[in-house]
Amino acid sequence: MISYSTLLVLATTTLLGAIAGVLGSFAVLRGRALVGDLLAHAALPGLCVGFLLVGRRELGAMLLGAVIAGVAAVTLMTFIARNRRTKEDAALGIVLSVFFAAGIVLLSVIQNLPTGGAKAGMEAYLYGQAAGINRTDLLVIATIAALALLVLLLFRKEFQLVTFDPEFARVQGWPVMALDLGILGLITLVTMAGLPAVGVILMAALLVIPPAAARFWTDRIGRMLLTAAIVGGGSGILGTLISAGILPIRWPGEESVASELPTGPTIILCGSAIFLLSVLFAPHRGLAAKAIQLAILRTRIAADHLLRTLYELGEQDGALDQGRSWQAIRRARRWSGAELIIAAFWARIQGWISFSGNLPRLTPQGIQQAETLVRSHRLWELYLIDRAGIAPDHVDRDADAVEHWLTGELVSALEVPLREKGEVLKAPGEVPQSPHPTMAEERKPEGGDA
């Protein structure tokens with residue numbers, strides 16, 4: 001049974017992770033991922049000044065001081081970067097270090113106050129203390145999240161334009177600076193509201209990790225915002241449940257269950273795990289997906305080369321559908337046994353080759369496919385010889401690499417100047433004669449690139 005306090009923490013961290021992921025997406029896409037880090041660290045002196053002015057731990061006054069400090073830090077960073085010929089990353093590092101150092105000094109002053117400053121619990125804002133979240137914190141974060149979503153809905157097109165092409169927006173007369181400050185203002189509010197839950201040090205990670213993970217899954221801004229919200233909210237849910245012991249974790253080799261883990265760091269670790277999974281397994285962008293795509297591409301190219309080799313060997317004796325020895329194919333392509341087996345396996349799956357005894361032979365479908373490949377290959381060779389002035393014995397390897405990507409339109413365009421000369425092609429679709437010998441014995445070692 002989940003307790004009421006755990007439900008409060010769960011709702012707060014989930015909402016905080018979701019809205020931080022959405023707003024952090026604009027910072028990541030704008031190339032300002034570390035702005036959240038700046039705001040989180042710059043908030044510390046503002047929190048301390050708010051405490052010193054009020055004399056007690058008053059959330060409203062401390063958050064107001066944090067917001068003022070965050071805005072001052074961003075303004076100072078922008079001024080240094082634009083007017084003092086300092087790069088933006090260097091200006092960010094300078095301002096972050098100065099503000100955080102000032103916050104640590106003020107925090108030390110508060111801890112040594114004779115009026116009980118050591119019991120003020122200010123270190124909770126440094127490392128986060130999700131267990132201390134109450135109903136007021138949830139309402140504050142919910143209000144800020146609703147406000148941020150409303151602003152994003154009203155100015156979504158403008159924010160997207162400034163994020164992806166600020167120079168075009170400036171030329172078109174849009175208030176780029178005001179829109180930038182609007183996004184930074186929303187990030188500032190969310191950052192300050194999240195300090196009690198995850199703290200200064202980890203709030204920056206909550207703004208960066210969810211959008212960075214979401215970027216692997218989509219190329220559309222709308223889907224990225226939704227995915228970042230899901231990753232951020234999911235990290236909050238998993239981290240809270242693990243830290244509360246509801247989702248127990250056993251350490252390797254231990255029988256005891258890990259419990260009472262800090263909520264903020266656990267949330268960030270869960271987000272990092274989701275990011276790692278995205279890096280590895282996201283479609284199109286993940287490392288595993290790219291490795292699979294590359295392997296399939298190389299296999300398909302090898303199968304194309306196998307078809308063309310069988311066709312050219314068949315041209316020598318006029319029997320295109322006759323079985324060919326594995327040794328003749330390996331000599332022609334300079335392949336290893338494994339490469340030949342993989343190419344033959346793929347071609348067999350596609351129905352391009354069959355086996356006569358143990359020898360590969362082109363099927364009718366394979367002959368048609370091979371004619372298309374040979375035609376593209378030789379047209380490109382003739383184009384390089386005729387238009388680029390390349391020697392005939394130097395064009396085979398270039399054509400090997402290009403023949404797989406020539407579309408029907410490009411092949412037709414290559415035929416036009418050759419047909420006009422009337423020396424190579426007599427009819428559309430005819431396979432031109434090779435401009436150099438195709439006998440396996442006359443191929444150079446660099447002839448194949450499979």
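User: What area does the protein expose, and what share of it do carbon and sulfur atoms supply?
Analyst: In this predicted model, local features need pLDDT of at least 70 and side-chain atom pairs count only at pLDDT 80 or more, whereas totals for chains, interfaces and linings use all residues. Residues are numbered from 1 along each chain as its sequence is written, and side-chain values use heavy atoms, with hydrogens and water left out. By the Shrake-Rupley method with a 1.4 Å probe, the protein exposes about 22600 Å², of which carbon and sulfur atoms supply 63%.

User: What percentage of the 450 residues is buried?
Analyst: A residue is called buried when its relative accessible area is under 20%, taken with a 1.4 Å probe and protein chains only. Among the 450 residues of the protein, the buried share is 45%.

User: Which residues line the largest cavity?
Analyst: A cavity is a set of points on a 1 Å grid over the protein atoms alone where a 1.4 Å probe fits but cannot get out, and its lining residues have an atom within 4 Å of a point. The lining divides into four nonpolar, one polar and three charged residues. By name, the lining consists of Phe26, Ala27, Arg30, Arg32, Thr163, Asp180, Ile183 and Leu184.

User: Which helix gives the most to that lining?
Analyst: Helices here are DSSP runs of H or I with at least four residues, numbered from the N terminus. Helix 1 (4-29) and helix 9 (176-214) each supply at least two lining residues of the largest cavity. With three residues, the one that gives the most is helix 9.

Key. 1 Å grid on protein atoms, 1.4 Å probe; cavity = no way out; pocket = protein on both sides within 12 Å on 5 of 7 lines; lining within 4 Å. Nonpolar A, V, L, I, M, F, W, Y, C, P; charged D, E, K, R; others polar. Buried < 20%, exposed > 50% of the residue type's maximum accessible area, 1.4 Å probe, protein only.
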